[in-house]
Amino acid sequence: MLRMSTLLLRTLRDDPADAEVASHKLLVRAGFVRRIAAGIYSWLPLGYRTYRKIENIIREEMDAAGFQEVHFPALLPKDPYEATNRWAEYGPDLFRLQDRKKNDFLLGPTHEEMFTLMVKGEFSSYKDLPLSIYQIQTKFRDEPRPRSGIIRGREFVMKDSYSFDVDDAGLEVSYNKHRQAYVKTFDRLGLKYNIVSAMSGAMGGSKSEEFLAPCPTGEDTYVLCNGCGYAANVEAMVTITAPYKGDKVGAIEVLDTPNTPTIDSLVELFNSKYSANISAADTLKNVLLMADEKPISVLVPGDREVDLKRLGANISGVKDLRLFEDADFAKFPKLVKGYVGPQDAKEFGLKLYADPRVVEGSHWVTGANKKDKHAKNVTCGRDFIVEEYVEAAEVKAGDSCPKCAKAVVIDRAIEIGHIFQLGRKYAQSLGLTVLDKEGKPVVVTMGSYGIGVSRAVAAIAEQTYDELGLCWPSEIAPADVHIVATGKEDHPFDVAEQIAKDLEAKGLEVLLDDRREASAGVKFKDAELIGIPKIIIVGKSLADGKVEIRDRKSSSKQEVVLADVVKTIVQ
RNA sequence: CGGGGCGUAGCGUAGUGGCUAGCGCGCCUGCUUUGGGAGCAGGAGACCGUGGGUUCGAAUCCCUCCGCCCCGACCA
């Protein structure tokens, strides 16, 4: 039994100054966590109970799916991470340290290497597969910017699983098993979530889905179709287009358009000076970028920005992508800033990419590659040739769903799980093979599956809190029942004590507020802040042989005679 | 790494060159109170982030470093 009189707990009346999001404020105020350094938190007794319940639910569901739990060190030698080149690739995000002999070590940011090597060390036959193993482990990432309390920390707990299969069909099966297990897990955790396709498949065809818990303070943006349920990370959102059906237009006309370096100024001048009736969507924006230090141009309709994240995720064969700077314009004097058009891309040595909306036959108002001049009737396929189509334009609410063409909405969410088909990358570089039926070695194919355990605490808090405080779903609350004894006589305290014992005998966990000095008001506030789903108040109505039972979430109250308390709670 | 903000008691904060650094919450003692963050009285608790400088005098002005928060870049 937890007793408020002895619990290591001090609730705070004021929000901590360094907290911004609700889960952070409330978890600190309710005495669940304390900050130790940026992105590094301690768990106090109440918080740790909730944390462990989440961990246990995840563990139960993994075990139920037939996955085996293992445990690796958090402190790891450099070697395996050199073999996969991540010692170098991970960069400053990796916490590195040395032992007394000056050997390099790291604090594991993720454990693909360890899992792969463990399987390599034990198994060597196709008969041993499929295999799925997991661990619940503290991970370390020296994030450039930890934020939002425990939603994004530098030390955090993750459940990570890996599947090992002989072939792609097997990987598909393992992937789907994990997907199912995740659905069960998040349902039990009481989270609302969407399963969202995370990558379009442009990148090596590896399948990947994210489990996103919608919440306004989330840092991920995704699109959702309320018509058919399609959901995708903005990076993976696919643009649907129709073939151009408009009129054919005449040859390019170059027009004087002084002082129109922006789309807005261009549209305004165009319509007034040339009595046209165009909108930003009729203009073509030529966004110049450096892709691995080679100049490229990305064409998007003038009413949209280029979304660098989308472009980066969808452009193939490019590692480093950045917008043109003045120094770059200096290197390419033929490119007139603000008046670039795709007509002369070849001559300029620009690789021409375009958003799918720039369809064959469509014509545009765009730069004439001369200062203060724009061109109209610039037609795709005639006046310029798109070398490669790429998803580059920002996604807007109201864009068409690629499945059913209805308007999509854009929402924010916390990423609580991520599953994907890793393929053979790690098995290859670490030499994980098994012998097939013919006795030939085949490289194993892997899947990788993560759940943010500590993050889930915050995500659930975010989705369930109200103006009074935290409000936990019953499976993960720090206790099942919070009993508050009020008054100055011994009697209510004795009764509360007895109810607590009776409930415990039924297998329920109880937090008993047995503080004699605290006023009733303080105890009520604390109970609401802490957010245990059932609150029993022993006091006033004891005169009628009754106690009050409150539901934290609905705020509903009922008076129950003592003899019925346990029965009422248990049902 | 770029931009912005902040560091004063466990928490929230006041204090823009001048006495012993102030207040609220929390904490301790006593009395009163006990169904909505109680009242009175008394108390403990601060190297004012660090180091240097200016000055008769620095929490306050200047420089350095460190830490923290927000926006962006970044994020299996």
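Q: What makes the pairing of Arg145 with a phosphate oxygen of RNA strand B a polar contact?
A: In this predicted model, a phosphate oxygen of RNA strand B is 2.7 Å from an N or O atom in the side chain of Arg145. A polar contact is a pair of N or O atoms within 3.5 Å, so this pair qualifies.

Q: How do you know that Asp526 makes a polar contact with RNA strand B, and which part of the strand is involved?
A: The partner is a base nitrogen of RNA strand B, which lies 3.0 Å from a polar side-chain atom of Asp526. Set against the cut-off of 3.5 Å, that distance is within the limit, and therefore the pair counts as a polar contact.

Q: Which elements give two or more residues to the surface near RNA strand B, and which gives the most?
A: The elements are strand E2 (33–37), strand E9 (155–165), helix H14 (520–530) and strand E29 (546–551). Of these, H14 gives the most, with seven residues.

Q: What makes a residue count as part of the surroundings of RNA strand B, and how many residues do so?
A: A residue is near the strand if one of its heavy atoms lies within 4 Å of it, and 42 residues surround RNA strand B, the closest being Arg13, Arg141, Arg152, Glu528 and Arg550. By residue type, this surface divides into 15 nonpolar, eight polar and 19 charged. Seen from the strand, 46% of its atoms within 4 Å of the protein belong to sugar or phosphate, and the rest belong to bases.

Q: Why is Thr283 called buried or exposed?
A: Thr283 has 0% relative accessibility, and because buried means under 20%, it is called buried. Thr283 sits in the loop between helix H7 (263–273) and strand E15 (284–291). Leaving aside neighbours within four places in sequence, the residues in contact with Thr283 include Ile263, Leu266, Val300, Pro301 and Trp364.

Q: What makes the link between Thr283 and Ala280 a polar contact?
A: The side chain of Thr283 reaches the backbone oxygen of Ala280 at 2.7 Å, and since the cut-off for a polar contact is 3.5 Å, this distance is within it.

Q: Why is Lys102 called buried or exposed, and what marks its backbone?
A: Exposed means over 50% relative accessible area, and Lys102, at 62%, therefore counts as exposed. Lys102 is found in the loop between strand E6 (95–98) and strand E7 (104–107). Its phi is near 70°, a positive value in a residue other than glycine. Most residues other than glycine have a negative phi.

Q: How do you know whether Asn259 is buried or exposed?
A: The relative accessible area of Asn259 is 64%, and because the threshold for exposed is over 50%, Asn259 is exposed. Asn259 lies in the loop between strand E14 (253–256) and H7, and although it is not a glycine, it has a positive phi of about 55°.

Q: Why is Gly312 called buried, partly exposed or exposed?
A: At 33% relative accessibility, Gly312 falls between the limits of 20% and 50%, and so it counts as partly exposed. Gly312 lies in helix H8 (residues 308–314).

Q: What is the peptide bond that joins Leu129 and Pro130 called, and where does Pro130 lie?
A: The bond that joins Leu129 and Pro130 is a cis peptide bond, with omega about 5°. Pro130 lies in the loop between helix H5 (112–122) and strand E8 (131–140). Most peptide bonds are trans.

Q: What makes up the largest nonpolar core, and which of its residues touch the most other members?
A: The largest nonpolar core has 57 residues, of which Phe32, Ile54, Phe186, Ile416, Trp472 and Leu511 touch the most other members. Helix H12 (residues 453–464) supplies the largest share of this core, seven residues. At least three residues come from each of domain 1 (2–237 + 410–462) and domain 3 (481–570).

Q: Which residues does Phe186 touch, beyond those up to four places away in sequence?
A: Phe186 touches Leu191, Tyr193, Phe211, Ile416, Gly417 and Ile451. A second, separate core of 22 residues includes Phe72, Ile133, Leu422 and Val444.

Notes. Residues are numbered from 1 along each chain as its sequence is written. Chains are lettered from A and ligands numbered from 1 in the order in which they are written. This is a predicted model: local features need pLDDT of at least 70, side-chain atom pairs count only at pLDDT 80 or more; totals for chains, interfaces and linings use all residues. Side-chain values use heavy atoms; hydrogens and water are left out. A nonpolar core is a set of buried Ala, Val, Leu, Ile, Met, Phe, Trp, Tyr and Cys residues joined through side-chain atoms within 4.5 Å. Buried means under 20% relative accessible area, exposed over 50%, partly exposed in between (1.4 Å probe, protein chains only). Helices (H or I, at least four residues) and strands (E, at least two) are DSSP runs, numbered from the N terminus. Domain bounds come from an automatic or database domain assignment. Contact means heavy atoms within 4.5 Å. A polar contact is a pair of N or O atoms within 3.5 Å; within protein, one must be able to donate a hydrogen and the other to accept it, and residues adjacent in sequence count only if both atoms are side-chain atoms. Ala, Val, Leu, Ile, Met, Phe, Trp, Tyr, Cys and Pro count as nonpolar, Asp, Glu, Lys and Arg as charged, and the others, Gly among them, as polar.
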